[in-house]
Amino acid sequence: MTAPIDAEVEDATARLYLAIGRLARLLRRTGSPGLGPGAVSALATLARCGPMRLGDLANKEGVAPPTLSRIVAALVEAGYVKREPDPQDGRAWLATPTPEGETMVSGVRSARVRELQRRIEQLTPEHVTALVNALDALETLVGEESKGAPA
């Protein structure tokens, strides 16, 4: 008796995966002047979470440390991130967003949020209600520490 439910969940899982991927790609193309999605994501994480070691940032971003090292080096070169000594370990350093980095993230986030809002406003009231009702489950799915945490 669970087979139809399992098939339904399997189908919904695949549909959700595809929809999230397409939506993410759509939004990445909005308001991202010159920075790739990995750089924007790392910068947004630093802006939201504060200074952190490269390994911790790599873990949060779900990428290998060498990949993140290249991303952070490019952000440092662009003036969006600065390196500071780790006060708890003089051999390590912390990546910290600069004021320019904070402004960049805010602008990208604002443009993407506006685009998402524009798309949501085109939905039926029933679909908007369904999205709002799904937020708690989605936030739990991605392990958000608190409701309404900025992307």
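User: Hi! Let's start with the helices: at what angle do the axes of H2 and H3 cross?

Analyst: Hi! This is a predicted model, and in it the axes of helix H2 (residues 37–49) and helix H3 (residues 54–61) cross at roughly 115 degrees, coming within 10 Å.

User: Roughly perpendicular or oblique, then?

Analyst: Roughly perpendicular. Angles of 65 to 115 count that way, and H2 and H3 are therefore put in that class.

User: And which hand does the crossing have?

Analyst: Right-handed, for H2 passing H3.

User: Thanks. Let me step back a bit. How many helices and strands does the chain have?

Analyst: There are six helices and three strands. Starting at the N terminus, the order is α-α-β-α-α-β-β-α-α.

User: What share of the residues is buried?

Analyst: Of the 151 residues in the chain, 25% are buried.

User: Okay, on to charges. How many salt bridges turn up in the whole structure?

Analyst: Six, from a search of the whole structure. One of them pairs the side chains of Arg53 and Asp86, with an N to O distance of 2.8 Å.

User: Where do those two residues sit?

Analyst: Arg53 is in strand E1 (residues 52–53), while Asp86 is in strand E2 (residues 81–86), so their salt bridge ties together parts that are 33 residues apart in sequence.

User: Which residue does Asp89 meet in a salt bridge?

Analyst: Asp89 meets Arg53, at 2.9 Å from N to O. Here Asp89 belongs to strand E3 (residues 89–97) and Arg53 to strand E1, so this pair links parts that are 36 residues apart in sequence.

User: Are these side chains buried or exposed? Take Asp86 to begin with.

Analyst: Asp86 is buried, at 8% relative accessibility. Asp89 is buried too, at 18%. Arg53 counts as partly exposed, with 31%.

User: Nice. What about Glu115, which residue is its salt-bridge partner?

Analyst: That would be Arg119, and the closest N and O atoms of the two are 2.8 Å apart.

User: Why are those two separated by about one helical turn?

Analyst: Because Glu115 and Arg119 are four residues apart in helix H5 (residues 99–121). As for accessibility, Glu115 is buried at 15%, whereas Arg119 is partly exposed at 31%.

User: Which residues are joined into one network by salt bridges that share partners?

Analyst: Arg53, Asp86, Asp89 and Arg91 form that network.

User: Let's switch to the nonpolar side. Which residues make the nonpolar surface patch?

Analyst: The patch consists of Leu16, Ile20, Val132, Leu135, Leu138, Leu141 and Val142, and has an area of about 620 Å². Helix H1 (3–28) and helix H6 (125–141) are the elements that each give two or more residues to the patch.

User: Which element gives the most?

Analyst: H6 does, with four residues.

User: And where is Val142?

Analyst: Val142 is in the segment after H6. Its relative accessibility is 58%, so Val142 counts as exposed; the cut-off for exposed is over 50%.

User: While we're on H6, is Leu131 buried or partly exposed?

Analyst: Partly exposed, with a relative accessible area of 38%. Leu131 lies in helix H6. The C-alpha atoms of Leu131 and Ile120 are 9.0 Å apart, and in sequence the two residues are eleven apart.

User: Last topic: where is Leu35?

Analyst: Leu35 is in the loop between H1 and H2. With a relative accessible area of 16%, Leu35 is buried.

User: How far apart are Leu35 and Val108 in space?

Analyst: They are 9.8 Å apart from C-alpha to C-alpha, with a sequence separation of 73 residues.

User: One more, if you don't mind. What about Ala73, which helix is that in?

Analyst: Happy to help! Ala73 is in helix H4 (residues 65–78). Ala73 is partly exposed, with 32% relative accessible area. Between the C-alpha atoms of Ala73 and Arg83 the separation is 9.4 Å, the residues being ten apart along the chain.

Terms used. Residues are numbered from 1 along each chain as its sequence is written. This is a predicted model: local features need pLDDT of at least 70, side-chain atom pairs count only at pLDDT 80 or more; totals for chains, interfaces and linings use all residues. Side-chain values use heavy atoms; hydrogens and water are left out. Patches are made of residues with over 30% relative accessible area and no salt bridge: like charges are joined within 9 Å, nonpolar side chains (Val, Leu, Ile, Met, Phe, Trp, Tyr) within 5 Å. Accessible areas come from the Shrake-Rupley method with a 1.4 Å probe; for residues, only the protein chains shown count as cover. A salt bridge is a side-chain nitrogen of Lys or Arg within 4 Å of a carboxyl oxygen of Asp or Glu. Buried means under 20% relative accessible area, exposed over 50%, partly exposed in between (1.4 Å probe, protein chains only). Axes are lines fitted to C-alpha atoms, for helices over the stretch in contact, and angles run from 0 to 180 degrees between N-to-C directions. Angles under 35 degrees count as roughly parallel, over 145 as roughly antiparallel, 65 to 115 as roughly perpendicular and the rest as oblique. A crossing is left-handed if the near helix is turned anticlockwise from the far one by less than a right angle, and right-handed if clockwise.
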